[in-house]
Amino acid sequence: MHLVVCMDKLAERIDFLRQGGIPIYEPGLDDLVARNVEQGRLSFTTDLAEAMAGARAVFVAVGTPSVRRGNGYADLSYVYQAAEEIAANLVQDYTVVIDKSTVPVGTARQVQRLIAKANPRAVFDMVSNPEFLREGAAISDFMRPDRVVVGSGSQRAFDVMREIYNPLYLNGTPIVETTLETAELIKYAANAFLAMKISFINEMANLCEAVGADVKPLAKAVGLDGRIGGKFLHPGPGYGGSCFPKDTLALLRIAQEHGSTSRMVEAAVEVNAAQKGRMIKKIRDALGGSEAGKTIGVLGLTFKPETDDLREAPALTILPALSEKGAALQVHDPQGMGEAAKIMPECRYLDDPYAVATGADALILMTEWNQYRALDLQRLRALMAQPLFIDLRNVYEPVMMREAGFTYIGVGRLQGAIK
């Protein structure tokens, strides 16, 4: 059994956690935290010395946001500050310091140097242990991961990490042991590859629209190839979130700084940015060339379902562009409206998907939440001023929507396509 002490400097956050609150939305997380707190395996503190007392392993899991949006540079100030504070509290015989944050190649070595300089007597090893958790599915991803990556130069550190992850190893999870630099690069490489898959299928969807083909069976057939796989072959308004936009740009910056190139990743970034613009034009064209004076209902704001995260969500690019041209936006999202209201106060936020459809000249499905997958189409049709349904996630079938009385527009879909 592992005993885990979570430390954060924000007293209000720690108090909230101690009271049973969860500061982010993640299905099942509240029950998991409550159960482990009740059984004495998990506690919270603002005191790093208390958290590190007797600890064999210390995980650094602080944010590494971009210094400026779009430049690819990661802000490592929180990582380095954590390193200095950890160094001051390394007082026992041996500790493994584990970098869990997504950081540029070479960061772990720099953290190692900072700790050694700040506390020359410290007996420790450095590990890079990148996470591969999807928002909305983080618990299942942790319990049943595809792999665990551990980077270090110390056999002693590898032994400690094997002990930590032994329950996963016993379940057959592959553990990849490698160097610090390789582990750091693996995280960026994996996310960049997935981003390229998304950008690729979006380009295929655009080509399907141009030649009169249907992207849904195309993606299914391509994904059935065992060498490719069907995951992340779902066209839409572009990728968002806290990882793909930041990590692709960071990988390009790392390559540039080391005199290398990554042209496919560069193209994926460009395609993703252009895709959001294409969605704005798609909506505008569907409205007859102008959104001015039109009421538009929007279903979904977060970058993906089962999360309250709006970071780099396509909605944050698409909706302001429509509003600036005179559209009245009424929107719904199961988890994201509170944060969205701070960013886009011009929108009208409603608590019910059908209220969003009331009087709308068009209804846009922006995020594929499960509750949007089985809407009462006849009720929607009766509430709307115009039966225009723009499905940016291809949740519905064109034939079914046409039979329900809608003008249906998907992404790369063939009107009258079969399943």
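The paragraphs below lead from the overall dimensions of the protein to its parallel sheet, and then to three individual residues.

The model is a predicted one, and its secondary structure comes to 17 helices and 13 strands. For a chain of 419 residues, a compact globule would be expected to have a radius of gyration near 22 Å, and the 24 Å found for the protein agrees with that expectation. Taken along the principal axes, the box filled by the C-alpha atoms is roughly 75 × 50 × 40 Å. Buried residues account for 47% of the 419 residues, while the exposed surface comes to about 20,400 Å², with carbon and sulfur atoms supplying 54% of that area. The contacts can also be sorted by sequence separation: of those between residues at least 6 apart in sequence, 72% join residues at least 24 apart.

A good place to enter the fold is the open sheet of 6 strands, whose order is β10-β9-β8-β11-β12-β13 and whose pairing is parallel. Its edges are formed by β10 (348-349) and β13 (407-409), each of which pairs on one side only. Helix α12, spanning residues 263-286, packs on this sheet and touches β8 (295-299), β11, β12 and β13, with a direction that makes about 170 degrees with that of β12. Helix α13 (residues 315-324) lies across β8, β9 (328-332) and β11, and runs at about 150 degrees to β9.

Within the sheet, β11 can be followed residue by residue. On one side, β11 pairs with β8 in the parallel sense over 4 bridges, and here Leu299 stands opposite Leu365 of β11. On the other side, β11 (residues 362-365) and β12 (residues 388-391) are joined in the parallel sense over 3 bridges; Leu363 stands opposite Phe389 in β12, and Ile364 has Ile390 of β12 as its bridge partner. In a regular strand, side chains alternate between the two faces of the sheet. In β11, Ala362 and Ile364 point one way whereas Leu363 and Leu365 point the other way, and all of them are buried.

Two loop residues deserve attention for their backbone conformation, since most residues other than glycine have a negative phi. Glu312, which is not a glycine, has a positive phi of about 60 degrees, and its place is in the loop between β8 and α13. Asn394, likewise not a glycine, has a positive phi of about 55 degrees and belongs to the loop between β12 and α17 (398-403). As for their surroundings, Glu312 counts as partly exposed because its relative accessibility is 26%, a value between the 20% and 50% cut-offs, whereas Asn394 is buried, with a relative accessible area of 9%.

The last residue to consider is Thr45, which lies in strand β2 (residues 42-45). Its relative accessible area is 2%, so Thr45 is buried. Leaving aside residues up to four places away in sequence, Thr45 touches Val5, Cys6, Met7, Asp8, Ile14, Arg18, Glu50 and Ala51. Among these neighbours, Glu50 also takes part in a polar contact, made between its side chain and that of Thr45 at 3.1 Å.

Note on methods: Residues are numbered from 1 along each chain as its sequence is written. This is a predicted model: local features need pLDDT of at least 70, side-chain atom pairs count only at pLDDT 80 or more; totals for chains, interfaces and linings use all residues. Side-chain values use heavy atoms; hydrogens and water are left out. Two strands pair if DSSP finds at least two bridges between them. Helices (H or I, at least four residues) and strands (E, at least two) are DSSP runs, numbered from the N terminus. Contact means heavy atoms within 4.5 Å. Axes are lines fitted to C-alpha atoms, for helices over the stretch in contact, and angles run from 0 to 180 degrees between N-to-C directions. Buried means under 20% relative accessible area, exposed over 50%, partly exposed in between (1.4 Å probe, protein chains only). A polar contact is a pair of N or O atoms within 3.5 Å; within protein, one must be able to donate a hydrogen and the other to accept it, and residues adjacent in sequence count only if both atoms are side-chain atoms. The radius of gyration is taken over C-alpha atoms; the globule rule is 2.2 Å times the number of residues to the power 0.38. Accessible areas come from the Shrake-Rupley method with a 1.4 Å probe; for residues, only the protein chains shown count as cover.
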